[in-house]
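Thanks for sharing this one. Here are a few notes to read alongside the coordinates, and I hope they help.

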Amino acid sequence: MDDLLTWLRAEIRKDIAGAEKLLEEGSERRWYDRYHCVYPRDLIARGQTELALLDEHAIESTGFSRYCRVCSEYSTKPGESSELEPAPAPCRTVRLLVSGYQNRSGFKPSWLD
Ligand SMILES: [Zn+2]
């Protein structure tokens, strides 16, 4: 599943680079038709937020299992110490993020399983 993260980070960085190019050309917004336009600064901010979310929900490994530390939870049973119940990685947050890119070339439907 590492290719999911590599691919997604590359797609996000491409979007940011495209938006930065629009800004360099002096476009604060670009109209695609009468009703739709993009705002490069919003695209850059959104992309940076998505990259930060991917960093936050990074895949960690214990050798045998891969998990997301942020989405893992501690369970406490009466009379026992609490135990970490690892959330499988990539976690739901990462899957939701990548689902927003499912219409792009290179997307693998299995990433949503
Ligand atoms: Zn997570």
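1. Which residue in E5 does glutamate 73 stand opposite? Its counterpart is glutamate 85, so to speak a glutamate facing a glutamate. Please keep in mind that this is a predicted model.

2. The pairing around that spot is easy to follow. Strand E4 (residues 66-75) runs antiparallel to E5, and five bridges join the two. Cysteine 68, for one, has alanine 87 in E5 as its bridge partner.

3. Stepping back, E4 and E5 belong to an open sheet of three strands, ordered E3-E4-E5 and paired in the antiparallel sense. Strand E3 (59-61) and E5 form the edges, each pairing on one side only. From one strand to the next, the twist averages 60°.

4. Do look at the cover over E5. This strand (residues 83-88) is hardly covered, and among its six residues the count of buried ones is zero.

5. Confidence is worth a glance too. Across the chain the mean pLDDT is 90, with 98% of residues at 70 or more. Among the elements, E5 has the lowest mean, 81, while H2 has the highest, 97.

6. Helix H2 (residues 40-56) is a pleasant one to inspect. Its 17 residues reach 24 Å from first C-alpha to last, close to the 24 Å expected at 1.5 Å a residue.

7. H2 also has two distinct sides. Pro40, Gly47 and Glu50 are buried; they cover an arc of only 85° around the axis, and therefore lie on the same side of H2. On the other side, Asp42, Gln48, Thr49, Ala52 and Asp55 are exposed.

Definitions and conventions
Residues are numbered from 1 along each chain as its sequence is written. This is a predicted model: local features need pLDDT of at least 70, side-chain atom pairs count only at pLDDT 80 or more; totals for chains, interfaces and linings use all residues. Helices (H or I, at least four residues) and strands (E, at least two) are DSSP runs, numbered from the N terminus. The expected span of a helix is 1.5 Å times one less than its number of residues. A residue is buried if 20 or more other C-beta atoms lie within 10 Å of its own, exposed if 12 or fewer, and partly exposed in between; C-beta atoms are placed from the backbone. The arc is that of the directions from the helix axis to the C-beta atoms. Two strands pair if DSSP finds at least two bridges between them. pLDDT is the predictor's confidence in each residue, from 0 to 100. Axes are lines fitted to C-alpha atoms, for helices over the stretch in contact, and angles run from 0 to 180 degrees between N-to-C directions.
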